[in-house]
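Dear colleague,

Here is the structure I said I would pass on to you. My notes on what was found in it follow below.

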Amino acid sequence: PYLDTNNHYGIKENMRNIREEFSLDSVFQIAQDRFNKKEYNRGIQVLDDVIWDSPSGLTAYFLRAQYRFEMIQFIQSTQQMNEMVPLQVLGTDVEGGAGSLQMQVDYSQVLADYSKLVMLQPNLAPVWLNRGFVKAHSKDYSGAIADFRKAIALFPDYGEAWFNLGITLIQTGEKEEGCLSLSKAGEHGLQRAYDAIQVHCGTQD
């Protein structure tokens, strides 16, 4: 499955009426700069402050969920290589860059941010897609499938949602419906869906 990080506001024309309470400004840029340096926790702390001041703002929740997810992925990839996680990743001050640790991670906080977004604005298809993606990573496949279906119900042309639905259905043994969903993803412009069909669906077009 693939996380949709390309659109904080919704799906183009279909979601054009959705607007944020505030735009991405210098505060979000500070968070992004820290994220780019892999100082994930420092970026998250900036967004924590924004959410404290504006608890109904959508962008901060969306970005915080994204940063938390990316931090987990970085930590897991580092540990899988039998390396220690640099303390700077977690936002700890370390002179000269020394210091590292092992860390157990889970997706509960990421899911909490996406669930908050669902509560604040239930008609944003990318939020349902992303929450489903994280559920799939948490091996909650039935929950992921339900979220992907909700994203498609909100925006039937959403190729990413069809793709994620198809892959997850195939992973859970529902190959026929999964391959049909991948075909839908291809029909809606997602070219990599056809590669996935070749891998997972045999001779199906």
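Gln73 counts as partly exposed because its relative accessibility is 25%, where buried means under 20% relative accessible area, exposed over 50%, and partly exposed in between, calculated with a 1.4 Å probe and protein chains only. The residue belongs to helix α3 and, once residues up to four places away in sequence are set aside, Gln73 touches Tyr107 and His137, a contact being heavy atoms within 4.5 Å.

Please bear in mind that this is a predicted model, in which local features need pLDDT of at least 70 and side-chain atom pairs count only at pLDDT 80 or more, while totals for chains, interfaces and linings use all residues. Residues are numbered from 1 along each chain as its sequence is written, and side-chain values use heavy atoms, with hydrogens and water left out.

On confidence, the chain averages a pLDDT of 80, and 74% of the residues score at least 70; pLDDT is the predictor's confidence in each residue, from 0 to 100. Among the elements of the chain, helix α6 (residues 141-154) has the highest mean pLDDT, 97, and strand β2 (residues 100-101) the lowest, 48. The pLDDT is below 50 over residues 5-23, a stretch that nevertheless has 41 contacts in the model beyond near neighbours in sequence. It is also below 50 over residues 92-101, where the corresponding number of contacts beyond near neighbours in sequence is 16.

As for the overall arrangement, the chain has 9 helices and 2 strands, taken as DSSP runs numbered from the N terminus (helices H or I, at least four residues; strands E, at least two). Read along the sequence, the pattern is α-α-α-β-β-α-α-α-α-α-α. Of the 205 residues of the chain, 48% count as buried, and among contacts between residues at least 6 apart in sequence, 56% join residues at least 24 apart.

The largest nonpolar core holds 57 residues, of which Val134, Phe163 and Leu182 touch the most other members; such a core is a set of buried Ala, Val, Leu, Ile, Met, Phe, Trp, Tyr and Cys residues joined through side-chain atoms within 4.5 Å. Helix α3 (residues 58-80) supplies the largest share of this core, 12 residues. Leaving aside neighbours within four places in sequence, the contacts of Leu182 include Trp162, Phe163, Ile167 and Ile197.

The model also contains 7 aromatic pairs, meaning rings of Phe, Tyr and Trp (its six-membered ring) whose centres lie within 6.5 Å, with planes under 30 degrees apart counted as stacked, over 60 as edge-to-face and the rest as tilted. One of these pairs, Phe35 with Tyr40, is edge-to-face, at 5.4 Å centre to centre and 70 degrees between the planes. Both Phe35 and Tyr40 are buried, and they form one aromatic cluster with Tyr67 and Phe74.

Two loop residues deserve a look at their backbone. Lys38, in the loop between α1 (26-36) and α2 (40-53), has a positive phi of about 65 degrees although it is not a glycine, and Lys38 counts as partly exposed because its relative accessibility is 35%. Lys139, in the loop between α5 (125-137) and α6, likewise has a positive phi, near 65 degrees, but Lys139 is exposed, with a relative accessible area of 61%.

With best wishes
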